[in-house]
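Me: I am new to this structure. Please walk me through it with short questions and answers.

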Amino acid sequence: MSNTIPQRVFSGVQPTGNLHLGNYLGAIKRFVELQDTFDCVYCVVDLHAVTTWQHPVELTSNIREVTAAFIASGIDPEKHIVFNQSQVAAHAELAWIFNCVARMGWLNRMTQFKEKAGKDREKASVGLFAYPTLMAADILVYRATHVPVGEDQKQHLELTRDIAQKFNNDFSDRIAATGCGVPMQVGDETVNGYFPLTEPVIGGPAARVMSLRDGSKKMSKSDPSDLSRIVMTDDADAIAKKFRKAKTDPDALPSETEGLADRPEADNLVGLYAALAGTDKASVLRDFGGAQFGTFKPALADLAVEKIAPIADEMRRLQADPAEIDAILKQGSQRASAIASSVISDVKEIVGFVGARG
Ligand code: TYM
């Protein structure tokens with residue numbers, strides 16, 4: 001047993017269709033960047049997708065679409081692990097244990113459940129309520145130390161840390177007795193824990209991409225308006241049209257970022273430009289300060305087409321050969337299972353189940 005938990009990145013994307021620029025800039029592009037520094041596990045979270053109704057035929061196609069987006073964006077499925085969640089049973093097994101560690105009160109505070117369940121909570125699936133414990137299991141079944149996500153997932157990652165900490169506390173004697181734990185620093189104390197307290201990796205100019213129709217709402221797969229989002233498969237005309245119709249205010253762009261305060265739509269478009277160009281908002285405003293949206297929007301559309309079109313082309317090429325995608329997922333699932341099954345057998349031993357060690 002090694003005495004430190006190796007650094008590892010885990011993240012996931014739901015195969016629920018309409019993969020958009022927020023998913024790409026807030027998450028997938030950053031997954032690609034982390035590959036040089038960390039061992040990474042990237043997951044198409046199909047078990048999460050079915051917490052709301054998914055047509056089976058569309059679900060299959062959406063799983064392949066997210067996989068294609070990962071690879072077309074530059075994730076290397078040979079060096080790192082790309083797979084779909086349902087094929088590694090340990091996610092669901094650990095989620096059950098975490099359902100018994102997490103408290104109802106913790107889950108009741110989750111804002112995403114409130115948003116997704118809407119007014120009629122009684123009709124939401126039990127899975128939608130328990131969604132965050134499965135997410136904690138996704139991460140911790142690899143004992144992942146870093147999780148890149150958009151800002152909307154921050155509360156779920158805080159819950160993941162709470163679950164890890166409670167598990168480590170509840171079972172501290174047993175973790176010591178089984179020799180599975182490692183010394184870890186929690187505040188001023190050194191404790192002997194099993195699960196790491198995962199670090200969220202959130203940031204950059206596109207951590208929270210907003211709707212193109214309403215700067216107070218995040219860009220989302222489920223917004224009824226197609227004009228609210230750029231999807232990865234939009235062609236150049238659709239991208240230009242959506243930016244042309246994007247809501248803005250009548251003023252010119254400011255020269256400094258302070259001037260974006262109270263201008264959510266302008267702030268969003270400048271953030272998108274910065275993320276696409278791989279720079280920051282200040283530098284975009286150095287180039288475009290004083291410009292009207294009539295000038296800035298076409299420049300933004302051109303940049304988006306330049307960056308997105310090659311990815312969309314490669315996604316289409318990959319999706320034309322589903323067998324190739326399925327083979328990538330299969331070998332990824334086997335590699336993921338090898339890591340996850342050793343963690344789940346440690347957990348079963350820690351909890352006290354008979355037969356955990358084979
Ligand atoms: P999902 O599928 O909704 O979104 C995938 C990723 O895209 C990010 N994102 C955004 N980033 C910036 N601006 C936006 N408007 C925007 N919309 C979405 C999300 O933050 C996410 O990083 N619960 C997760 C999936 C998941 C997961 C995990 C993530 C399941 N298990 C374990 C990390 C670790 C979700 O619903 O993502």
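Me: What span should the twelve residues of helix α4 have, and how far apart are its end C-alpha atoms?
Reply: This is a predicted model. Helix α4 covers residues 90-101. At 1.5 Å a residue, its twelve residues should span 16 Å. That agrees with the distance between its end C-alpha atoms, 16 Å.

Me: Where do the buried residues of α4 fall, seen down its axis?
Reply: The buried residues are A90, H91, L94, A95, I97, F98 and V101. Seen down the axis of α4, they fall within an arc of 165°. They therefore line one face of the helix.

Me: What covers the buried residues of α4?
Reply: Both strands and helices take part. The cover includes the strands β1 (8-13), β2 (39-44) and β3 (81-84). It also includes the helices α7 (126-140), α8 (154-170) and α14 (322-351).

Me: Which residues of the largest nonpolar core touch the most other members?
Reply: Nonpolar side chains tend to be buried together in soluble globular proteins. Here the largest nonpolar core has 62 residues. Those that touch the most other members are L21, F70, F243, L272 and F296.

Me: Which helix gives the largest share of this core?
Reply: The core draws at least three residues from each of domain 1 (8-205 + 321-351) and domain 2 (226-318). The largest share is eleven residues. They come from helix α13 (residues 293-319).

Me: Which residues is L272 in contact with, leaving aside its neighbours within four places in sequence?
Reply: L272 is one of the core residues that touch the most other members. Leave aside its neighbours within four places in sequence. Its contacts are then L21, L25, V209, L212, F243 and L300.

Me: How many residues does the second core have?
Reply: This core is separate, and its members include F83, I97, I139 and V347. I97 is also among the buried residues of α4. The second core has 50 residues.

Me: How many of the 14 residues of α1 are buried?
Reply: Helix α1 covers residues 21-34. Its buried residues include L21, Y24, L25, I28 and F31. The helix is mostly covered, and the number buried is eleven.

Me: Where does α1 bend?
Reply: Its 14 residues should span 20 Å at 1.5 Å a residue. The end C-alpha atoms are 19 Å apart, which agrees. The helix bends by about 30°, and the place is I28.

Me: How far apart are the C-alpha centres of domain 1 and domain 2?
Reply: The domain assignment gives domain 1 (8-205 + 321-351) and domain 2 (226-318). In contact are 18 residues of domain 1 and 20 residues of domain 2. The C-alpha centres of the two domains lie apart by 30 Å.

Me: Is N62 buried or exposed?
Reply: N62 sits in helix α3 (residues 56-73). Beyond its neighbours within four places in sequence, it is in contact with P15, T16 and G17. Its relative accessible area is 13%, and buried means under 20%. So N62 is buried.

Me: What is the phi of N18?
Reply: Most residues other than glycine have a negative phi. N18 is found in the loop between β1 and α1. It is partly exposed, at 33% relative accessibility. N18 has a positive phi, near 55°.

Me: What is the phi of D262?
Reply: D262 lies in the loop between α10 (236-244) and α11 (264-277). It counts as exposed, at 78% relative accessibility. D262 is not a glycine, yet its phi is positive, at about 65°.

Notes
Residues are numbered from 1 along each chain as its sequence is written. This is a predicted model: local features need pLDDT of at least 70, side-chain atom pairs count only at pLDDT 80 or more; totals for chains, interfaces and linings use all residues. Side-chain values use heavy atoms; hydrogens and water are left out. Helices (H or I, at least four residues) and strands (E, at least two) are DSSP runs, numbered from the N terminus. The expected span of a helix is 1.5 Å times one less than its number of residues. Buried means under 20% relative accessible area, exposed over 50%, partly exposed in between (1.4 Å probe, protein chains only). The arc is that of the directions from the helix axis to the C-beta atoms. Contact means heavy atoms within 4.5 Å. A nonpolar core is a set of buried Ala, Val, Leu, Ile, Met, Phe, Trp, Tyr and Cys residues joined through side-chain atoms within 4.5 Å. Domain bounds come from an automatic or database domain assignment. The bend at a residue is the angle between axes fitted to the seven residues ending there and the seven starting there.
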